[in-house]
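Q: Could you take a close look at one part of this model for me, beginning with how its pairing is defined? I'd love a connected account with the cut-offs spelled out.

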Amino acid sequence: MAIDFTLSPEQQALQAGARGFAREVLSQVRKTIEPIARPEGRFFATFPFYEKMAEAGFVHALFPREFGGTGMPTLDFALAAEELTAVDINVPTTLLGTGLGMEPILGFGTDEQKRKWIGEILERPGERLAAFAFTEVTGGANFDCPDPDAGVQTVARRDGNEWVITGKKHYTTNGSGWDGKGSQLLTVVCRTDLKKPPSESLAVIVVPGATKGVEVVDYLDTSGHRAVVSPRIHFNEVRVPAGNILGKPGDGGAICRHAFSWTAALIGAACTGVMRAAFDVAFEFAKTDKRSGSVPVIEHQNVGYMLADLKMRIEAARYLTWKACHQLDVTDRRSDELAIMTKIYASELCVQVVYDAMRLVGVDSYTELTPLAGLMQDALCFPLYDGGNMGVRRRQLHRKFREPGYEPMASAEGR
């Protein structure tokens, strides 16, 4: 069958709708959050924008039709995500944070668990957030370290018909909820026995944010993604029903990889959106500014070459993202190598593209006269979060290369 990159009429309508929503609604986010000093204050100020995103159907798009959602394919979600993030990174990242928090449930929950927890989110989609409580205060790069004394130290001990969870997490996107008291639910990465290796003890347990003992203790203030909330959360003898575990102890590694493969592909779309925004600034500057010369700077050959390089990189990132998302869809997540590559490639490319756009514009790009400095702060986050590219290379790609029977052409051939 021929390879066809032509978008269907439905995809074109989705793309146009997301573009219009971003221009009409999300374009107001920047001026809304700029005067707010505290990170949680900036996040709380985006609530009306997230409500409108939910009203537009973007939260329902995260979930399959059989559980009340609209079942949007990952590829289609990427088309929308690029349009949204080309205007604002903050509110779409909150949406992705809810998706990441729900991915363990979607991938490893029973039908009963899915109906319960997806139903809770969709009952009030604009108000209820999910969060993935993954990163330990000591870091998440070695979450699956085989040494029982290392890795995840958040522990869930069985006490009758309950799990009792104790530990500390940070970078728990959305974990505060809109009121600072906790998101609707948190999927918590923990160990059920600190004497056993992760292959036997690593688990993910669903914790309602309002449960006694869930404590939002602080907020990390980030250089970019200024209105994305990154709270530190303590779990102080938090008791939840035994049935809140997803799968069984030992499944935690597979659950984490499943969740992060979804966001990895979609981070490619977010990076493409930010690169687009940077290109648009540089392109407009080149067409209109003479820099005290006699012609707009686009007439100079080196500027034309730089713009060409920027545009080529954006196109390359976009189509790698599309292929990675398509592959996740057609293989039911079995083939995630391209998704992981997309996260690494697009995120590092994004930093280079924004930097080159700044070089083209010059020193004004380092001031409030253009949005480029802010875009650079947003871009710098992409290679560092969701495990960080150094860890992703080692933990995911390197692991695949070492597996018996690894076939280098499998991902390229859609297997």
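A: Happy to! Two strands count as paired if DSSP finds at least two bridges between them, and strands (E, at least two residues) and helices (H or I, at least four) are DSSP runs numbered from the N terminus. This is a predicted model, where local features need pLDDT of at least 70, side-chain atom pairs count only at pLDDT 80 or more, and totals for chains, interfaces and linings use all residues. Residues are numbered from 1 along each chain as its sequence is written, and side-chain values use heavy atoms, leaving out hydrogens and water.

In the hairpin, β2 (residues 155-159) and β3 (residues 162-169) run antiparallel and share 5 bridges. R157 faces V164 of β3. Between the two strands lie 2 residues, and G160 in the turn has a positive phi of about 65°.

From there, let's turn to helix α5 (residues 74-85). Its 12 residues span 16 Å from first C-alpha to last, close to the 16 Å expected (1.5 Å times one less than the number of residues). 12 of the 12 residues of α5 are buried, so this helix is largely enclosed by the rest of the structure. Buried here means under 20% relative accessible area, with exposed over 50% and partly exposed in between (1.4 Å probe, protein chains only). The buried set includes nonpolar names such as L75, F77 and L79, alongside D76, E82 and E83. These buried residues pack against α1, α4 (47-55), α6 (90-108), α9 (252-288) and α10 (301-330), with contact meaning heavy atoms within 4.5 Å.
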